[in-house]
Amino acid sequence: MLKFKNVLLGSLFLIVGALPLHAFGFSTQVVLDLINEERANVGVAPLVENPLLDQSAQNKASDMSTRNYFSHNTPEGELPWVFFDQVGYKYTSAAENLAVNSIIDEETIVEQWMNSPEHRKTLLDPKYTETGIGASIGVFNGKQAVYAVEHFGVPVTPYVRTQTELVQTQIVTSVAMGQGTALQTALQIDKDAQIKQILTALIHVYSQLISEILSHKKLA
């Protein structure tokens, strides 16, 4: 069991009318999949990823790592909701979870949020239907660390993902599973079909290229 002291946490609610992550093998998609797995375990609907919340969360994570602070409020005293407003996300209720951890690992972040009563309550709250996750590598207390942010929202107008986004999510989930991450999501059902479609498209493109090359040779 990882020691709880290795991570600092923050949770704040509102109700109203650096370095590239891939270099460390850290994926915000894996974080979301793990969180939705926890929600499924208690019979709560999965959170829908909203691009605006992804951006607001990423902006907050980057701001903290770049300016070396860990707080819901910015050094200027601005509340976290300014990041929601900057991207144009309209909501009736919102929440923010924060973590900074020297262990750059998705499961560690989710585990520590789940071990904190307030963060667990937010993660599993059926009121929240949309989310966005951001992460940035920086330095905290003299050590390299990942700053993780999750933004939750109850939108004025629910976000509906396009078919393209659904396919992209399935592909990312499949890759994560191939790396040994234990995920159990409904997206697994269509994984093979999506891979087959991609391979078929690649074969078609390859065949066209071969035909074009042979055609040019004949002309020469």
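**Getting to know this fold: three exercises**

Seven helices and five strands make up the protein chain, in a model that is predicted.

**Exercise 1.** Find the order in which helices and strands follow each other along the sequence.

*Solution.* Start at the N terminus and walk along the protein chain: the pattern reads β-α-β-α-α-β-α-α-β-β-α-α.

**Exercise 2.** Classify the ring pair F70 and F140, and work out which parts of the chain the pair links.

*Solution.* Step one: a pair of aromatic rings is described by the distance of the centres and the angle of the planes. Step two: rings pair if their centres lie within 6.5 Å, and planes over 60 degrees apart count as edge-to-face. There are seven aromatic pairs by this rule. For F70 and F140, the centres are 6.1 Å apart and the planes sit at 70°, so this pair is edge-to-face. Step three: look up where the two residues sit. F70 is in the loop between α2 (51–67) and α3 (81–86), while F140 is in strand β4 (residues 130–140), so the pair links distant parts of the chain, 70 residues apart. Step four: check the cover. Buried means under 20% relative accessible area; F140 has 18%, so F140 is buried.

**Exercise 3.** Decide whether helix α4 is mostly covered or mostly open, and look at its N-terminal end.

*Solution.* Take α4 as residues 106–115 and count: seven of its 10 residues are buried, so the helix is mostly covered. Those buried residues are E106, T108, I109, V110, Q112, W113 and M114. Now go to the N-terminal end, where D105 acts as the cap: one of its side-chain oxygens lies 3.2 Å from the backbone nitrogen of E107.

Terms used
Residues numbered from 1 in each chain as written. Predicted model: local features only at pLDDT ≥ 70, side-chain atom pairs only at ≥ 80, totals over all residues. Heavy atoms only, no water. Phe/Tyr/Trp six-rings, centres within 6.5 Å; stacked < 30°, edge-to-face > 60°. Helix = DSSP H or I, 4+ residues; strand = E, 2+ residues; numbered from the N terminus. Buried < 20%, exposed > 50% of the residue type's maximum accessible area, 1.4 Å probe, protein only. Polar contact = N/O pair within 3.5 Å; in protein donor to acceptor, adjacent residues only side chain to side chain.
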